[in-house]
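Here is a friendly walk through one protein model, heading by heading. Please keep the structure open beside the text as you read.

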Amino acid sequence: MIYLKTEDEIALLRESNQIVAKTLAEVGKYIQPGVTTKYLDQIGEDFIRSCGAVPSFLNYNGYPASLCLSINDVVVHGIPSVKTVLREGDILSVDCGAYKNGFHGDSTYTFRVGEVDEKVVNLLRTTKESLYLGIEQAIDGNRLGDIGNAVQTHCQKRGYSVVREMVGHGVGRHLHEEPEVCNYGKRGSGVLLKAGMVIAIEPMINMGSRHIVIENDGWTTRTMDRKPSAHFEHTVVVRKGKAEILSSFDYVQEVLGDRFI
Ligand code: MF3
Ligand code: CO
């Protein structure tokens with residue numbers, strides 16, 4: 001069942017997603033070599049609560065933290081830990097969800113830790129570009145395959161691979177609603193998009209092969225070849241002519257200045 005949201009519901013979804021957007025920026029202020037992912041998780045949780053929201057991920061299917069903090073070859077669902085220390089040259093995906101007034105927000109930004117190899121910077125740039133190309137397709141009358149195809153075509157053209165097992169999703173009163181939003185697909189195929197659908201588009205793009213492995217903790221998801229992976233996510237509303245992005249990287253941009261890519 002895909003729920004179409006009313007404008008009143010969209011206003012609440014916008015509020016939750018703006019809290020997520022500000023949380024990503026707040027966490028971004030503290031990203032530097034030497035800090036632990038546990039410390040960053042605490043910054044994120046405190047900020048979310050200071051906005052009158054609740055971390056969406058905490059206790060979701062038993063997930064033990066507020067943020068997913070995934071370094072280098074960790075694709076998604078890295079569990080914050082006092083043992084995980086950021087090092088110069090790492091990339092760190094910060095995936096955040098916030099729940100307020102009955103609705104969730106969900107967005108992800110992959111940050112650089114200090115100076116990062118130009119090849120890895122290109123992976124980040126391409127993944128973020130593919131997110132916006134996917135969003136361009138999120139319009140009334142298109143189909144889900146148009147989004148997936150836009151993401152896949154752009155990333156594969158640059159020699160990267162698309163993770164298949166993890167996908168985007170509807171967002172609303174539940175963090176994960178229908179439909180599943182694949183980052184690959186055929187143009188003109190799949191579910192018809194209608195104005196008022198709210199979906200999270202979240203390309204997970206690998207430098208090497210697309211294959212992943214999930215560790216024994218049941219969460220940490222790595223590339224099988226241990227090469228880096230990037231992840232960017234926005235929650236968007238399907239509209240006629242142009243999608244509306246409910247989350248935002250504007251606050252991250254303010255924090256990163258000319259280091260924003
Ligand atoms: N943004 C991710 C997703 O949409 C994060 C979920 S983490 C979990 O799937 F802990 F909540 F599962
Ligand atoms: Co998501």
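## Arg-226 and Asn-59: two positive phi values

Arg-226 is exposed, with a relative accessible area of 54%, in this predicted model. You will find Arg-226 in the loop between strand S12 (221-223) and S13. The backbone deserves a look too: phi of Arg-226 is near 65°, a positive value in a residue other than glycine. As background, most residues other than glycine have a negative phi, and most peptide bonds are trans.

Asn-59 offers a second case, with a positive phi near 70° in a residue that is not glycine. Asn-59 sits in the loop that runs between strand S1 (54-55) and strand S2 (67-71). Is Asn-59 buried or exposed? With a relative accessible area of 59%, Asn-59 is exposed.

## A cis peptide bond

While you are checking backbone angles, stop at Glu-178. The peptide bond from Glu-178 to Pro-179 is cis, and its omega is near 0°. Pro-179 belongs to strand S8 (residues 177-181).

## The open sheet S6-S10-S13

The loop of Arg-226 ends at S13, which brings us to a sheet. Three strands make up this open sheet, in the order S6-S10-S13, with antiparallel pairing. Its edges are strand S6 (161-162) and strand S13 (229-231), each of which pairs on one side only.

Strand S10 (residues 204-206) is joined to S13 by three bridges in the antiparallel sense. To find your way along this pair, start from Met-204, which stands opposite His-231 in S13.

## Strand S14 and its partners

Strand S14 (residues 234-237) is a good place to look at side-chain directions. His-234 and Val-236 point one way, Thr-235 and Val-237 point the other way, and all are buried. That fits a general pattern: in a regular strand the side chains alternate between the two faces of the sheet.

Which strands pair with S14? One is strand S9 (residues 198-201), which runs antiparallel to S14 and is joined to it by four bridges. Another is strand S15 (residues 244-245), paired with S14 over two bridges, again in the antiparallel sense. Val-236 takes part in both pairings: Val-236 is the bridge partner of Ile-199, and Ile-245 in S15 is the bridge partner of Val-236. S14 and S15 form a hairpin with six residues between the strands, where Gly-241 takes a positive phi near 85°.

## The S4-S5 hairpin

Strand S4 (residues 91-100) and S5 run antiparallel and are joined by 10 bridges. Within this pair, Val-94 has Tyr-109 in S5 as its bridge partner. The two strands form a hairpin with two residues between them, and Asn-101 in the turn has a positive phi of about 55°.

How many of the 10 residues of S5 are buried? Nine of them are, so strand S5 (residues 103-112) is largely enclosed by the rest of the structure.

## Around Ala-53

Ala-53 lies in the loop between helix H2 (37-50) and S1. Unlike the two exposed loop residues we began with, Ala-53 is buried, with a relative accessible area of 4%. Setting aside neighbours within four places in sequence, the residues in contact with Ala-53 are Ile-19, Ile-48, Ala-98, Tyr-99 and Lys-100.

For a sense of distance, compare Ala-53 with Tyr-3: they are 50 residues apart in sequence and 23 Å apart in space, C-alpha to C-alpha.

## The protein as a whole

Stepping back, the protein has five helices and 15 strands. Its radius of gyration is 17 Å, close to the 18 Å that the globule rule gives for 261 residues, so the protein is as compact as a globular protein of that length. Along the principal axes, the C-alpha atoms fill a box of roughly 45 × 45 × 40 Å. Of the 261 residues, 55% are buried. Among contacts between residues at least 6 apart in sequence, 72% join residues at least 24 apart.

The surface and charges complete the view. The accessible surface comes to about 11100 Å², and 49% of it belongs to carbon and sulfur atoms. The protein has 29 positive and 33 negative charges, and the mean positions of the two sets are 4 Å apart.

Technical notes
Residues are numbered from 1 along each chain as its sequence is written. Chains are lettered from A and ligands numbered from 1 in the order in which they are written. This is a predicted model: local features need pLDDT of at least 70, side-chain atom pairs count only at pLDDT 80 or more; totals for chains, interfaces and linings use all residues. Side-chain values use heavy atoms; hydrogens and water are left out. Buried means under 20% relative accessible area, exposed over 50%, partly exposed in between (1.4 Å probe, protein chains only). Two strands pair if DSSP finds at least two bridges between them. The radius of gyration is taken over C-alpha atoms; the globule rule is 2.2 Å times the number of residues to the power 0.38. Contact means heavy atoms within 4.5 Å. Accessible areas come from the Shrake-Rupley method with a 1.4 Å probe; for residues, only the protein chains shown count as cover. Lys and Arg count as positive and Asp and Glu as negative; His and the chain ends are not counted. The place of a charge is taken as NZ of Lys, CZ of Arg, CG of Asp or CD of Glu.
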